[in-house]
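Here is a short report on one protein model. Please keep the sequence and the 3D view open while reading.

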Amino acid sequence: MSDEAQRTVRKAVIPVAGLGTRFLPATKATPKEMLPVVDKPAIQYVIEEAVDAGLQDVLMITGRNKRPLEDHFDRVDGLEAALAQKGDDKKLAAVRHPSELADIHYVRQGDPKGLGHAVLKGRQHVGNEPFAVLLGDDLIDERSPILPKMIEVAEKTGGSVVALMEVPPEAIHLYGCAAVESTADDEVVKVTDLVEKPATEDAPSNLAIIGRYVLAPEIFDVLETTKPGRGNEIQLTDALQELAGDDEGHGVYGVVFKGARYDTGDKLDYLKAVVQIACDREDLGDDLKAWLREFVPTLD
């Protein structure tokens, strides 16, 4: 493979092995990634984002009880035949769409040892190429994509790239946090240090890492030797911190995201995401907003 081909980002890795304990009992038998956001499972939004950024080769890092994910992105001949017989072309297209999105592969994580361990499970599939990592808890509005800019920076610099977002200082303990230096591009910063979920007084900035990464293949060698960190898990942030401090490497960069992001990581934020996305839908938005205007004044 040529050096040029190796620098081109073609693959996406999506870790989906989590147990979804914050959504029990709904996730007892249903993967949290399959919870509907209006009428599509959350994971479909994520894969559509990857495909829109030109990443047609997708690897999902799965675990036990994740078979519904594979089924969703597979053909369902009986259902398709029934819809075709009824002449319901709109629903037939919606059912077929997930199976035609991308070339999707699956590998099991096995032991839940953290995000860094999950990413490492993708090594054989990714090979010696840069690749994107997308986390399913963060949904990025298609009107303000960030992956294309991240891919551009990764291919230009040869380094790894994280998505950063300004958050209130009192919320930084919920995220990985970056210390940064400015660059000639107002959207891009050079990452000099990373801290996983720091206390407010210890945070080097209010720039939080959100669930999008474009990683140089060197991350795999680092992850192989990364010791368990916070939560006794292998943290991707710790591996990126090592790359950021390597003067002989290509470095770590951040793209500062200012668009719309929907957090589906806990129950309240999930409900907010469903309402926000539904309000933007042409087929639902007007009626839902009219109902909300009537409903909200009735609240205590």
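P145 lies in the loop between β7 (138–140) and α8. Helices here are DSSP runs of H or I with at least four residues, strands are runs of E with at least two, and both are numbered from the N terminus. P145 is exposed, because its relative accessible area is 51%. Three classes are used: buried is under 20% relative accessible area, exposed is over 50%, and partly exposed is in between, with a 1.4 Å probe and protein chains only. In sequence, P145 and F257 are 112 residues apart; in space, their C-alpha atoms are 8.9 Å apart.

This is a predicted model, in which local features need pLDDT of at least 70, side-chain atom pairs count only at pLDDT 80 or more, and totals for chains, interfaces and linings use all residues. Residues are numbered from 1 along each chain as its sequence is written, and side-chain values use heavy atoms, with hydrogens and water left out.

**Helix α8 and its cover**

After the loop of P145 comes α8. The helix covers residues 147–157, and its buried residues are L147, K149, M150, I151, V153 and A154. An α-helix has 3.6 residues a turn, so residues three or four places apart point the same way. What covers the buried residues of α8? The cover includes α2 (42–52), β6 (131–134), β8 (160–166), β10 (188–196), β11 (207–215) and β12 (252–256). Contact means heavy atoms within 4.5 Å. G158 follows α8 and has a positive phi, near 80 degrees.

**S160 and E48**

Two elements of that cover deserve a look at single residues. S160 is found in strand β8. It counts as buried because its relative accessibility is 1%. A polar atom of the S160 side chain lies 3.0 Å from the backbone nitrogen of A216. A polar contact is a pair of N or O atoms within 3.5 Å; within protein, one must be able to donate a hydrogen and the other to accept it, and residues adjacent in sequence count only if both atoms are side-chain atoms. Leaving aside residues up to four places away in sequence, S160 touches V214, L215, A216, L240, L243, G251, V252 and Y253.

E48 is found in helix α2. Is E48 buried or exposed? At 14% relative accessibility, E48 counts as buried. Beyond residues up to four places away in sequence, E48 touches K40, H97 and L101.

**Backbone exceptions**

Most residues other than glycine have a negative phi, and most peptide bonds are trans. N65 is not a glycine, yet its phi is positive, near 65 degrees. N65 sits in the loop between β4 (57–62) and α3 (67–72). K197 also is not a glycine and has a positive phi of about 50 degrees. K197 lies in the loop between β10 and β11. Which residues does the cis peptide bond join? The bond joins L24 and P25, with omega about 5 degrees. P25 lies in the loop between β1 (11–15) and β2 (36–37).

**Accessibility in loops and at a helix**

A184 is found in the loop between β9 (176–182) and β10. F295 is found in helix α12 (residues 285–295). The table sets these two beside N65 and K197.

| Residue | Relative accessible area | Class |
|---|---|---|
| A184 | 88% | exposed |
| N65 | 61% | exposed |
| F295 | 36% | partly exposed |
| K197 | 35% | partly exposed |

The C-alpha atoms of A184 and E242 are separated by 24 Å, with their positions 58 residues apart along the chain. F295 and P31 are 264 residues apart in sequence and 32 Å apart in space, C-alpha to C-alpha.

**The whole chain**

The protein has 12 helices and 13 strands. Its C-alpha trace spans about 60 × 55 × 35 Å along the principal axes. The radius of gyration is 20 Å, which agrees with the value near 19 Å for a compact globule of 300 residues. That radius is taken over C-alpha atoms, and the globule rule is 2.2 Å times the number of residues to the power 0.38. Buried residues make up 46% of the 300 residues. Of the contacts between residues at least 6 apart in sequence, 76% join residues at least 24 apart.
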